[in-house]
Structures are given as C-alpha cells and as structure tokens.
Amino acid sequence: MKKVIMKSNDLCKSFANNGGQNHVLDMINMEIYNGDFTVIMGSSGAGKSTLLYALSGMDSPTSGEVYYKERAISRLKEKDMAALRAFEFGFVFQQAHLVSNLTLLENVTITGYLDKTKKEKEVKERAVELLRRMNVEKAMMRLPSQVSGGEAQRAAIARAMINEPGIIFADEPTGALNKRNTEEVLKLLTNLNDKGQSILMVTHDIKAAIRATRLLYLEDGRIIGEMPMPPYHEEDARNREKQVDAWLASMEW
C-alpha cells in the first residue's frame, strides 16, 4: 500500500473580482503518494498552477488544510514554512530563474549552503555530482546567459535536488524548451522518479504527461478525473500517449 506524503482537505482559493469572489480552487481533497510521479492536467484557467502553489506553501489557501508528512503546513509560521520550502520541497518552474551573476555551480551550491549542518566542501561535492548527473558538468562554471535554455533548466533541477527534498514541484518545466531539451529534461525527471523521488508536475503537454505514474484532471478548480499508470518505459511511449489522449478526450480536454 502506498504511503501518503501530502494531502489536502477541502482546499479552497478565491480572489476578489468586481465585488464578487472568483473560486479558483473549490474544495480540493487529494492525496500525493510517496514515490509517485503525479501529473496535474486541465484546460487553461482550471487552477493547475494555483493548486501547485497552494500545496507547496508558495501561496496561502483561502480555507482548508494542506498536510505534508502528517504536518499541517498551512498553519506554520512563515519562518517554519520557509525552512520547509528550503529543505523538504524542491521547485522547478517554466523559466529556470537562476541568479544571473552566479555560475551554474554557484546557483546550486548557494541553495545547499542553507543547510548549516553540512560543510561547504560536502555541499560543493554534491552540487558537482548533481550537475554531472544532469549532463551540464562542462557548463557548470558558466553564467546562465552563457548556456542554453535546456542547460539552465537542468541546472535548476540540480538546484531543486541539492537538499534532498521529499517532493519536487514542477510547474510546466518544459514549457519554454525546444523538443530536444524537453526530452532531456523529461528523462532526468523520470530517472529521478525511478530512484524514488516524489514529483508533482503541472503540464499541458501530453508527451510530458505520459511520464506520470498518476494523472489528475482539474476542471473549474475541482479534480474530476484520475488515471493511474505503470512506471514509464520508453518502448511503451506511443501506447501510453494513445491512452492519455483517449483519457483526456473523455475529460473533454
């Protein structure tokens, strides 16, 4: 039986709109399982990114609770929430958001240095190893402006992994990449998941979605569909794409 690493109870997010309320998330009850590659899909404006930000503590829900490892994170003080984001959560966005005047290696190590229990040498060695695993070892001493978008995004994944997070939140991580770089980033995320890394990803790309072990469909702020999938194998990619395409059609995507 899979272990729940994160869950939400009656999660809601509303915004004021011309004197009324726009309910972006509407009573979301969901569970994220340890070791799963969970992918959230839905049409534009369905609330996908809002849900990811509410679950990760980057945004506060209007009401409801979010639990991470049975801890109610929506009740945490900002100092404790910041520590959770730094050490338990890893983030990968559509843009790499690397610090422009730091090298790729420095962008990764600066996040690792937040962990005061580790020596600088230990952090740097782990950063180098992660960048090597992300296949950007040759570019690690370059600035973000000196590397390709794919290299920058792979460095961002290394940064997300530096403190060994319990879960990685990925918001359209391939949305700004070309086909080749998209494939490389998806392979890296799949390999991380194969080794037990829990991942929650928002995407509109079917080729990214087929990497999931579990698909959720969001519509008007509610989860209306779920599709479990076996672990990804490249030789089965075409068949998985057909299955996901059919499932999305049933969701009227």
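Contact here means that heavy atoms lie within 4.5 Å. The model is predicted, and this briefing follows two open sheets, one of four strands with antiparallel pairing and one of six strands with mixed pairing, together with the helices that lie across them or pack against each other.

**The four-stranded sheet**

- The strands of this open sheet follow the order E2-E1-E4-E5, and their pairing is antiparallel. Strand E2, residues 20-33, and strand E5, residues 71-72, each have a single partner strand and stand at the edges, so one side of each is left without a neighbour in the sheet.
- Strand E1, which covers residues 4-17, pairs with E2 in the antiparallel sense over 10 bridges, and within this part of the structure Lys7 has Glu31 in E2 as its bridge partner.
- Helix H1, formed by residues 48-56, lies across E1, E2 and strand E4 (63-68), and its direction makes an angle of about 65° with E2.

**The six-stranded sheet**

- In this open sheet the order is E6-E7-E8-E3-E9-E10, and the pairing is mixed. The edges are taken by strand E6 (89-92) and strand E10 (222-228), and because each has a single partner strand, one side of each is left without a neighbour in the sheet.
- On average, and with direction ignored, neighbouring strands of this sheet are turned by 20° against each other.
- Strand E3, residues 37-41, and strand E9, residues 214-219, pair in the parallel sense over four bridges, and Ile40 stands opposite Leu216 in E9.
- Helix H5, made up of residues 149-161, lies across E6 and strand E7 (167-171), and H5 runs at about 170° to E6.

**The packing of H4 and H5**

- Helix H4, residues 120-133, packs with H5 at an angle of about 140°, and the axes of the two helices are 9 Å apart. Angles over 145 degrees would count as roughly antiparallel and those of 65 to 115 as roughly perpendicular, and H4 and H5 are therefore oblique to each other.
- The crossing of H4 and H5 is right-handed.
- On the H4 side, the residues that meet H5 are Arg126, Leu130 and Leu131, while on the H5 side they are Ala155, Ala158 and Met161. Divided by character, the residues of this contact of H4 with H5 comprise five nonpolar, no polar and one charged.

Methods:
Residues are numbered from 1 along each chain as its sequence is written. This is a predicted model: local features need pLDDT of at least 70, side-chain atom pairs count only at pLDDT 80 or more; totals for chains, interfaces and linings use all residues. Side-chain values use heavy atoms; hydrogens and water are left out. Two strands pair if DSSP finds at least two bridges between them. Axes are lines fitted to C-alpha atoms, for helices over the stretch in contact, and angles run from 0 to 180 degrees between N-to-C directions. Angles under 35 degrees count as roughly parallel, over 145 as roughly antiparallel, 65 to 115 as roughly perpendicular and the rest as oblique. A crossing is left-handed if the near helix is turned anticlockwise from the far one by less than a right angle, and right-handed if clockwise. Ala, Val, Leu, Ile, Met, Phe, Trp, Tyr, Cys and Pro count as nonpolar, Asp, Glu, Lys and Arg as charged, and the others, Gly among them, as polar.
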